[in-house]
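New to this one? Here is a quick tour to read with the structure open beside you.

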Amino acid sequence: MIPNIPEPILNLLCEIGEVEGKNAYLVGGFVRDLLLKRPSPDIDIVVEGDAIRVAQAMCDRWSGTLEAHAQFGTATVTPQNTDLPKVDFVTARRETYQGSGTLPIVQSGSITDDLRRRDFSINALAMRLDPTAFGTIVDETGGLADLESGTVRVLHNRSFIDDPTRIFRAYRYAGRYGFQIAENDETLIREALPVLAQLTGERIRNEIDRVLLEKNAPEIVDRLTKVGVWETICTGWQISSNFASDFRAAQRATAWASEHLADEEFEPQLVLWMALFGTEMPIYQIEALSFRLTLKHQLQRLVSPAQAENQQVSLEKVTHAAFEKLGYPLSQNAVIEHHNGKWCIVDADVSTSSGITYVCGERSLFRVETPLTAYKQLKETLALLKHSVKPSEIYQLFKPSPTEALVLASEGTTVAEWQREKIKNYFLVLRKVQPFITGQDLIALGEKPGPTFKTQLWQLFAAQLDGKIATKSEASCRLAEFKTYTA
């Protein structure tokens, strides 16, 4: 029997074994982590037969809630006792791949089939739950030996070609546990890189998201760099030399934000992506990757279908002549690729590291806009900042920046300490200041919204931020002076 199973989970597993007997197995990551004496949050049960029926029986026994997916033969049970974890039940299955990089065809199978379809031997371990053999390990693929030697190894030579996302998982496990990739697998990974390039941006992004959540993400990213993953995903993608320090800054930043900015919208994953892109990557490339990987972005229309038609240009296929006619000439260096149902055109000036990214689709031409460029832009702004900067100038500079970029910079080791203090002061003090005079006050005084209206409001608020006025009456006097001066 495997030792060190926490008692509440041990009792839960014993109950499953009592109900379903030899047809139910604990599988995958939980077994792996038990053997490594590491905590694991996921409990996955494979059932030879009908997993949903077993899940319903356990749901009744635990007075819990059931979420079933009949088309997949899976179900999740959340026990009423909040001290117990949710449990996923899956019908044992076998998988066949019809083509490289495609999703598999799934059929019911045995526990052996189910273990042999898995990604790595260390994840292809099961534990029997029936009372007569509770705790017995089922190892069909040499996973125990690989755990002992610290090796990540796929189960067959086409594994990475069948599912190239396993490339990311291989290095995630290696980085997490301090394991090595099997020597032959390194060769198999390189052979599968062309197939990785064909995957949808969403599938690649999901795997990178998981990498960035690992404590050893810098080491994992470095290993992926050495095998050529980033260049495969996007031509010219080079990971920042400062990623390790930026990643640690991102971890501190999200911890600080969770404590001080808990009541506002904040996306920790954006901070991690900003750290991955760093400040060395050109903005056009960040834009291209945001589109390619379906990261947070929006498309700004440059040319509408009507405008293209007026110019007698078809944007169904990208040509240099069409772009020239529309007033957006492309250089000979332009790279044109098809992603997410549209054309992505990256026109880079290699000599100056400048360039532009376009997206062409729906008979329109677009520019990519993404908040993920904000960290690089903010660092450029901070480089011009002087010690004598006024609070109102800080407010103006920082207000347009996404919270995630500012929070990352506030912990960045390449950002001067006094600048980091300015950023935190902006969060904790400046942006909480409420103006003495509002737009409604000006309207009550007979002012009409317009350019002057906006200027008056800002000048009064700037004076307030800089400590030149301290009360609403002082602000009213300043407003009267301003109106007299401009009359």
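In this predicted model, the second largest pocket is lined by 21 residues. Thr235, Tyr284, Gln285, Val346 and Ala348 are the ones that lie nearest its centre. From there, the tour moves on to two open sheets, one of five strands and one of seven, and ends with a pair of helices, H7 and H8.

**The second largest pocket**

- Its volume comes to about 420 Å³.
- Three elements give two or more residues to the lining: helix H14 (283–292), strand S13 (335–339) and strand S14 (342–349).
- Which of them gives the largest share of the lining? That would be H14, with five residues.
- Sorted by character, the lining has 11 nonpolar residues, six polar ones and four charged ones.

**The five-strand sheet**

- This open sheet has antiparallel pairing, and its strands come in the order S12-S16-S15-S14-S13.
- Strand S12 (298–303) and S13 stand at the edges with a single partner strand each, so one side of each has no neighbour in the sheet.
- On average, neighbouring strands here are turned by 30° against each other, if you ignore direction.
- How many bridges join S14 to strand S15 (residues 354–361)? There are seven, and the two strands run antiparallel.
- On its other pairing, S14 goes with S13, again in the antiparallel sense, over five bridges.
- Val346 is worth finding: its bridge partner in S15 is Thr357, and Val346 is also the bridge partner of Val335. You have met Val346 already, among the residues nearest the centre of the second largest pocket.
- S13 and S14 form a hairpin with two residues between the strands, and Asn340 in that hairpin takes a positive phi near 55°.
- H14, the helix from the pocket lining, lies across S12, S13, S14, S15 and strand S16 (364–369). Its direction is at about 25° to S15.

**The seven-strand sheet**

- This one is open as well, but with mixed pairing, and the order is S3-S4-S5-S2-S1-S8-S9.
- Strand S3 (65–69) and strand S9 (137–139) are the edge strands, and each pairs on one side only.
- Neighbouring strands of this sheet are turned by 30° against each other on average, with direction ignored.
- At the S9 edge, strand S8 (residues 125–128) pairs with S9 in the antiparallel sense over three bridges. Look for Leu125, which stands opposite Asp139 in S9.
- Helix H3 (residues 51–62) packs on the sheet. H3 touches strand S2 (44–47), S3, strand S4 (74–78) and strand S5 (87–91), and its direction makes about 155° with that of S5.

**Helices H7 and H8**

- The axes of helix H7 (residues 166–177) and helix H8 (residues 183–196) come within 10 Å of each other and cross at roughly 140°. That is why H7 and H8 count as oblique to each other.
- On the H7 side, the contact is made by Ile167, Phe168 and Tyr171. They meet Glu186, Ile189, Ala192, Leu193 and Leu196 in H8.
- What kinds of residues make up this contact? Seven are nonpolar, one is charged and none is polar.

Conventions: Residues numbered from 1 in each chain as written. Predicted model: local features only at pLDDT ≥ 70, side-chain atom pairs only at ≥ 80, totals over all residues. Heavy atoms only, no water. Axes fitted to C-alpha atoms, helices over the stretch in contact; angles between N-to-C directions. Helix = DSSP H or I, 4+ residues; strand = E, 2+ residues; numbered from the N terminus. Parallel < 35°, antiparallel > 145°, perpendicular 65-115°, else oblique. Contact = heavy atoms within 4.5 Å. Nonpolar A, V, L, I, M, F, W, Y, C, P; charged D, E, K, R; others polar. 1 Å grid on protein atoms, 1.4 Å probe; cavity = no way out; pocket = protein on both sides within 12 Å on 5 of 7 lines; lining within 4 Å. Points joined across faces, edges and corners; volume = space filled by probe spheres on them. Pairing = 2+ DSSP bridges.
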